[in-house]
Amino acid sequence: MIRRHMRCRRTLHTLHTPRARDSTDVLIIGGGPAGLCAAIRLKQLTPTLRVVVLEKGSELGSHILSGCVLDPSSFYRLLGHDVSTYEDKYGCGKPPLGVQARGQGEMVWLTDRGRTVGIPHPPQMGNRGNWVLDSLSGLVRWLGRVAEEVYGVEVYAGFGGARVVYGEEKEESPWVEWGGRWGKEVTGVKDRVEEKGKVRRVVGVLTNDVGISKKGDKREGLFTPGMFFQSKLTLFAEGAHGSLSKSVIQKFNLRAESDPQTYGIGIKEVWRTSSSVPGSITHTLGFPLDLHTYGGGWVYHLQQNLLSIGLVVGLDYANPTRSPYRDFQKLKHHPYFRSLLSDATRVAYGARVLTEGGLQSLPLLHFPGGALIGDSAGTVNVAKIKGVHNAMGTGMLAAEAIAQVSSSSTPSLSSYTSSFLTSPIFSELYSIRNLRPSFHQPNLFPFSLLSQTAPVLGGIIYSGIDSLLFKGRVPFTLSHAHSPDERARCRNSAPSLDSVRTQPASSSNSNSVPPIDYPAYEPPLSTDLLTSLALTNTFHEEDQPEHLRLLTLEEATREDSGQAVLGVGLGQLRFEDEEEEAVSTLEENDEKNDGEREGRRRAHTKLNVSEYASLLERACPAGVYEYVDDPLPQSGEGWGGKKLVINAQNCIHCKLCDIKVPSQDITWTVPEGGGGPGYTIT
């Protein structure tokens with residue numbers, strides 16, 4: 001009943017508000033490498049189609065963060081192999097590709113005692129012919145210029161897709177054609193979907209309403225309702241764990257024949273030093289992570305005496321007292337990094353989650369009215385530590401499929417999924433499919449013998465054997481889930497597999513883990529979080545509803561009524577199951593909303609403080625979450641003298657909270673358009 005009232009309040013604000021509406025042939029949500037390459041390829045093939053790209057950042061590239069060493073195969077296929085001709089051919093300046101890699105790169109093991117030991121470099125991580133980018137953010141801005149100025153793509157920055165819109169008419173589920181095939185041919189999951197029902201087609205998205213206060217009231221003179229972008233086909237290119245992508249995956253049950261997704265958090269800094277060796281690449285294992293935690297670091301030497309350094313930590317880590325940010329700061333205390341940065345100055349910082357599930361975790365790629373591309377699908381090659389080329393490649397495959405069916409009134413992108421199965425992307429992901437799950441594999445003898453004491457060593461040994469001897473040609477596919485029940489429970493985004501893997505810190509629990517003790521910061525080598533955050537250029541309008549909603553994904557979906565539906569006639573929007581509730585008064589809603597809000601915060605605080613050592617306070621790389629002393633315990637929203645504070649204005653859109661929180665009651669949604677980090681050299 002309370003959820004009904006909360007929906008009603010949203011209805012009173014926006015349901016009958018006139019909205020601007022725009023129609024296009026193809027709508028792309030996300031202006032990153034996947035989205036822009038899809039747009040460019042589509043206009044290359046069918047110049048007469050109208051293609052619109054919506055980007056939630058204030059400008060293209062402002063929310064882009066990566067290492068980044070680029071495998072240029074997809075980039076060359078899109079724009080041509082001779083980079084020297086780009087400036088004259090496209091008229092958008094010299095592409096900021098950085099410098100070509102020096103050799104294959106090296107890998108080292110960092111010990112707790114300060115030693116640096118060279119180890120064999122896996123063949124998948126070879127970098128000959130790759131480009132060490134000064135900034136993926138910069139390359140995305142350049143691609144945006146090519147898309148707009150050369151091919152006529154319409155790019156609208158500052159427009160975040162807030163809600164998926166579905167049509168009135170129903171059509172066959174994609175599983176009618178693909179049930180049984182996806183698990184057999186792609187993921188290795190034996191579950192078979194017997195889908196006979198019909199589903200509504202995606203027909204576009206709504207952008208966020210702007211000018212609503214924190215209290216949910218229209219701000220006088222500032223309120224602007226979100227636009228409705230209507231499209232024959234919509235591509236979701238939001239990156240890892242996109243807010244609309246995960247809702248589409250859940251609605252169409254796209255992981256019914258897949259493993260759950262698993263993620264890592266990548267934390268990066270850029271330093272300016274007195275000298276560097278442009279094109280030099282080093283990857284690190286070992287310190288500061290223990291043998292139970294998947295992850296590793298990097299050092300990339302850029303042009304102009306810049307260094308890109310960073311650390312990726314697998315979010316399936318068990319210990320809730322772990323802080324990936326503190327791990328990264330501790331990494332710089334190792335003599336290898338201390339020497340490297342001795343005369344350097346830090347100039348940039350950022351963080352973002354990345355998908356690590358690989359082939360097993362790929363959802364079915366298409367659905368009625370659209371498809372998932374890039375990291376919205378999860379095409380990162382973890383063994384290669386590269387994903388941009390696959391993001392670009394899936395974008396182009398989707399564009400080529402659209403070109404084939406663009407004349408249809410209700411086109412299907414099943415051919416995109418089919419072409420993926422015969423693409424180099426599929427072959428690449430198939431060959432390394434077992435490497436990541438081998439690091440936490442209790443059921444694979446003899447590596448299972450290390451699963452309790454040193455699972456990382458077991459994974460390294462298996463990965464070496466698989467990649468060097470078998471090259472992925474083994475007659476089995478390892479699962480990220482430890483049981484069929486765990487797979488079924490976690491495959492549709494909530495609860496996430498990574499949250500389930502978190503163990504309690506409470507001493508009263510038999511499975512509890514000891515706290516991690518971190519060294520003190522040593523400025524300027526290592527600094528507190530807020531000092532680092534200042535380098536992200538993050539900005540949000542403070543007087544707006546929190547975009548970090550204290551709701552489970554299922555509750556958030558229900559609150560949004562699951563679906564905005566396009567009605568007949570002039571395209572009036574209605575929200576299912578809401579209109580009959582609009583008779584309640586706003587005062588009644590406010591009172592009940594407040595009671596539910598307090599109850600949610602109290603339940604969240606009790607579980608996360610008492611059992612999980614205030615995990616979000618430690619895990620968030622932007623200082624968004626705090627569990628502070630509660631000055632008004634009688635208010636009812638705290639527990640045990642603590643209450644949750646969400647500093648939403650700090651958010652750098654990394655998505656870690658949505659994935660890792662044990663209570664699975666944080667749902668990340670888009671803030672007002674343009675809010676978030678302002679990355680430029682990441």
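Biologist: Which residues of helix α2 are buried?

Modeller: In α2 the buried residues are P33, A34, G35, L36, C37, A38, A39, I40, L42 and K43. The model is predicted, and so that weak regions do not mislead us, local features need pLDDT of at least 70 and side-chain atom pairs count only at pLDDT 80 or more, whereas totals for chains, interfaces and linings use all residues. Residues are numbered from 1 along each chain as its sequence is written, and side-chain values use heavy atoms, with hydrogens and water left out.

Biologist: What makes a residue buried or exposed, and why is α2 described as largely enclosed?

Modeller: A residue is buried under 20% relative accessible area, exposed over 50%, and partly exposed in between, with a 1.4 Å probe and protein chains only. In α2, 10 of the 13 residues are buried, so the rest of the structure largely encloses this helix.

Biologist: What makes α2 a helix in the first place, and what is its expected span?

Modeller: Helices are DSSP runs of H or I with at least four residues, strands are runs of E with at least two, and both are numbered from the N terminus. Helix α2 covers residues 33-45, which is 13 residues. The expected span of a helix is 1.5 Å times one less than its number of residues, and α2 reaches 18 Å from its first C-alpha to its last, close to the 18 Å expected.

Biologist: How many disulfides does the structure hold, and why does C68 not form one?

Modeller: The structure holds zero disulfides, where a disulfide is a pair of cysteine sulfur atoms within 2.5 Å. For C68, the closest cysteine sulfur is in C37 at 12 Å, which is too far for a bond. For C657, the closest is in C651 at 6.3 Å, and that is also too far for a bond.

Biologist: Why are C68 and C657 called buried?

Modeller: C68 has a relative accessibility of 3% and C657 one of 8%, and both values fall under the 20% limit, so each residue counts as buried.

Biologist: What is notable about the peptide bond from G67 to C68?

Modeller: The peptide bond from G67 to C68 is cis, with omega near 5 degrees, and C68 lies in the loop between β2 (51-55) and β3. Most residues other than glycine have a negative phi, and most peptide bonds are trans. Another cis bond runs from P523 to P524, with omega near 0 degrees. S614, although it is not a glycine, has a positive phi of about 55 degrees, and at a relative accessible area of 11% S614 is buried.

Biologist: How do you know that β3 and β7 pair, and why do β3 and β4 count as edges?

Modeller: Two strands pair if DSSP finds at least two bridges between them, and β3 pairs with strand β7 (residues 131-132) in the antiparallel sense over two bridges, so the condition is met. L70 stands opposite W131 in β7. The open sheet of three strands has the order β3-β7-β4, with antiparallel pairing. β3 (69-70) and β4 (99-100) each have a single partner strand, so one side of each has no neighbour in the sheet.

Biologist: Which strands pair with β13?

Modeller: Strand β5 (residues 106-110) pairs with β13 in the parallel sense over five bridges, while strand β14 (residues 295-301) pairs with β13 in the antiparallel sense over four bridges. Strand β13 (residues 281-286) is mostly covered, since five of its six residues are buried.

Biologist: What is G675 in contact with, beyond its neighbours within four places in sequence?

Modeller: Contact means heavy atoms within 4.5 Å, and by that rule G675 touches K56, H63, F539, H540 and H653. G675 has a relative accessible area of 8% and is therefore buried.

Biologist: How do you know that the protein agrees with the rule for a compact globule?

Modeller: The radius of gyration is taken over C-alpha atoms, and the globule rule is 2.2 Å times the number of residues to the power 0.38. With 682 residues a compact globule would have a value near 26 Å, and the protein has 24 Å, which agrees. Of the 682 residues, 62% count as buried.
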